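Biologist: Could we go through this protein together, one part at a time?
Modeller: Certainly; please ask whatever comes to mind.

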Amino acid sequence: MNDRIINENISISGYFLHTVNDKNRGLIMKIKSLSYIVIDSTDISLWETYARDVVGLMKNEEKSDENNLFLRMDESPFRFHVQKGDADRYNLGGFELSSKEDFDSAQKELAEAGIEFNSENDELAKQRCVEELISFTDPAGNRLELFYGRSVDQNAFQSSQEISAFVTHGLGLGHVVFGTLEVEAAHTFYTDVLGFGDSDIMRMKFSPDPNDPESVLYFMHCDNPRHHTVAMMQAPTPPSGLVHAMVEVETAEQVVDALDRAVANNVHISSTLGRHMNDKMFSFYMQTPAGFMLEFGYDGIQPDWDTFETTNSPAPSYWGHEFNMPEA
Ligand SMILES: [Fe+2]
């Protein structure tokens, strides 16, 4: 795949800069946002309680049934779809393209890059509330969907908690962070095939052990101002399929209120409050019923990508974010 789309790999300061052969490929696709995620659950009732009493999401009563829980954050018909399954894990992410034209050219680009994809049927398009969609897998084994034409729910969004709004307008759901040992292949796929840009590239040790090799983390943005929509961490893929997802609210108080609700509902707090270095997010992390974490944040930066230069943050956070993972 890479032979055809990458002219050169130039090693500078230990990083690889990829120069894409635009002459042969035309424009690289522009993904507008992460629109929804799908989660498998052995007990949907756990998610219903967690979403309502802790996160502050709104259940889409009309779409939900005993095997499917659709959760809203805004005018979208859902941002989280929790479906009955035989495991508790992240299933896939749905990414939005702006138009039928972009959708058609994205399929052409995937085909030219040698990526196999499935055209999904009308029944699934209807469930996702989109016009058309395709699905495929990234080199780390993560399932993705690409679509265009998502409908808007006619009923106004109302959080189940005192949350004024989730910060999604023009930015999508939030972000997802994956762990994979195929981190270089995954990074190249997102930048050179899916058109993501590098926001921050971080290298860090996960333990004080001097023999512990550095791991790399790629934080990537798509075609909106959110600092990163997808990140790839060089680490074994967790059993839940995802390291964490992030949702953002409008005030620091609403983050602290969510932390209070998590404690009151005996949700495991995976990380203390802190301020990230790369996206400046003020946030804490908690466990979800699927086993991955949910970062609940405020104040993430929204760079202008025309003038932004990729950063290399020396550490994840300025302060806080002391992690305390639950016993396996
Ligand atoms: Fe995050």
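Biologist: Which residue of E13 does Gly-197 stand opposite?
Modeller: Gly-197 faces His-221 of E13 in this predicted model. Strand E12 and strand E13 (residues 215-221) run antiparallel, and seven bridges join them.

Biologist: What is the order of the strands in the open sheet of nine strands?
Modeller: The order is E12-E13-E14-E11-E15-E18-E17-E16-E19, with mixed pairing. Strand E12 (197-204) and E19 stand at the edges; each has a single partner strand, so one side of each lacks a neighbour in the sheet. From one strand to the next, the twist averages 20°.

Biologist: Let us turn to E11. How many of its residues are buried?
Modeller: Six of the six residues of strand E11 (residues 175-180) are buried, and the strand is mostly covered. His-175, Val-177 and Gly-179 point one way, while Val-176, Phe-178 and Thr-180 point the other way. All of these residues are buried.

Biologist: Which way does E11 run relative to E15 and E14, parallel or antiparallel?
Modeller: E11 runs antiparallel to strand E15 (residues 244-249), with three bridges between them. Val-177 has His-244 as its bridge partner in E15. With strand E14 (residues 230-234), E11 runs parallel, and five bridges join the two. There, Gly-179 stands opposite Met-233.

Biologist: I would like to ask about loops. What is the phi of Lys-280?
Modeller: Lys-280 has a positive phi of about 65°, although it is not a glycine. Lys-280 lies in the loop between strand E16 (269-276) and strand E17 (282-287).

Biologist: Why does Lys-280 count as partly exposed?
Modeller: Lys-280 counts as partly exposed because it has 13 C-beta neighbours inside 10 Å. The cut-offs are 20 or more for a buried residue and 12 or fewer for an exposed one.

Biologist: And where is Asp-299 found?
Modeller: Asp-299 is in the loop between strand E18 (293-298) and strand E19 (317-320). Asp-299 is not a glycine either, yet its phi is positive, about 80°. Asp-299 has 18 C-beta neighbours inside 10 Å, so it counts as partly exposed.

Biologist: Now the other sheet. Which strands stand at its edges?
Modeller: Eight strands form this open sheet, in the order E4-E5-E6-E3-E7-E10-E9-E8, and the pairing is mixed. Strand E4 (58-59) and strand E8 (118-119) are at the edges, each with a single partner strand, so one side of each is left without a neighbour in the sheet.

Biologist: How do E3 and E6 run, parallel or antiparallel?
Modeller: Strand E3 (residues 33-41) and strand E6 (residues 80-84) run parallel and are joined by five bridges. Asp-40 stands opposite Gln-83 in E6.

Biologist: Which strands does helix H3 touch?
Modeller: Helix H3 (residues 44-55) packs on the sheet and touches E3, E4, strand E5 (68-72) and E6. The direction of H3 makes about 15° with that of E5.

Biologist: Then what does helix H4 touch?
Modeller: Helix H4 (residues 100-112) also packs on the sheet, where it touches strand E7 (89-97), strand E9 (132-137) and strand E10 (143-148). The direction of H4 makes about 140° with that of E10. H4 is followed by Gly-114, whose phi is positive, near 80°.

Biologist: How many residues lie between E9 and E10 in their hairpin?
Modeller: Five residues lie between them, and Gly-141 in the turn has a positive phi of about 90°. E9 and E10 pair in the antiparallel sense over six bridges. Ile-134 stands opposite Leu-146 in E10.

Biologist: What are the domains of the protein?
Modeller: The domain assignment gives domain 1 (33-148) and domain 2 (175-320). Their centres, taken over C-alpha atoms, are 20 Å apart. The contact takes 24 residues from domain 1 and 30 residues from domain 2.

Biologist: Which element gives the largest share of the side of domain 1 that touches domain 2?
Modeller: H3 gives the largest share, six residues.

Biologist: Finally, what pLDDT does the protein average?
Modeller: The protein averages a pLDDT of 92, and 92% of the residues score at least 70. Over residues 1-24, however, the pLDDT is below 50.

Conventions: Residues numbered from 1 in each chain as written. Predicted model: local features only at pLDDT ≥ 70, side-chain atom pairs only at ≥ 80, totals over all residues. pLDDT = per-residue confidence, 0-100. Contact = placed C-beta atoms within 7 Å. Pairing = 2+ DSSP bridges. Helix = DSSP H or I, 4+ residues; strand = E, 2+ residues; numbered from the N terminus. Axes fitted to C-alpha atoms, helices over the stretch in contact; angles between N-to-C directions. Domains from an automatic or database assignment.
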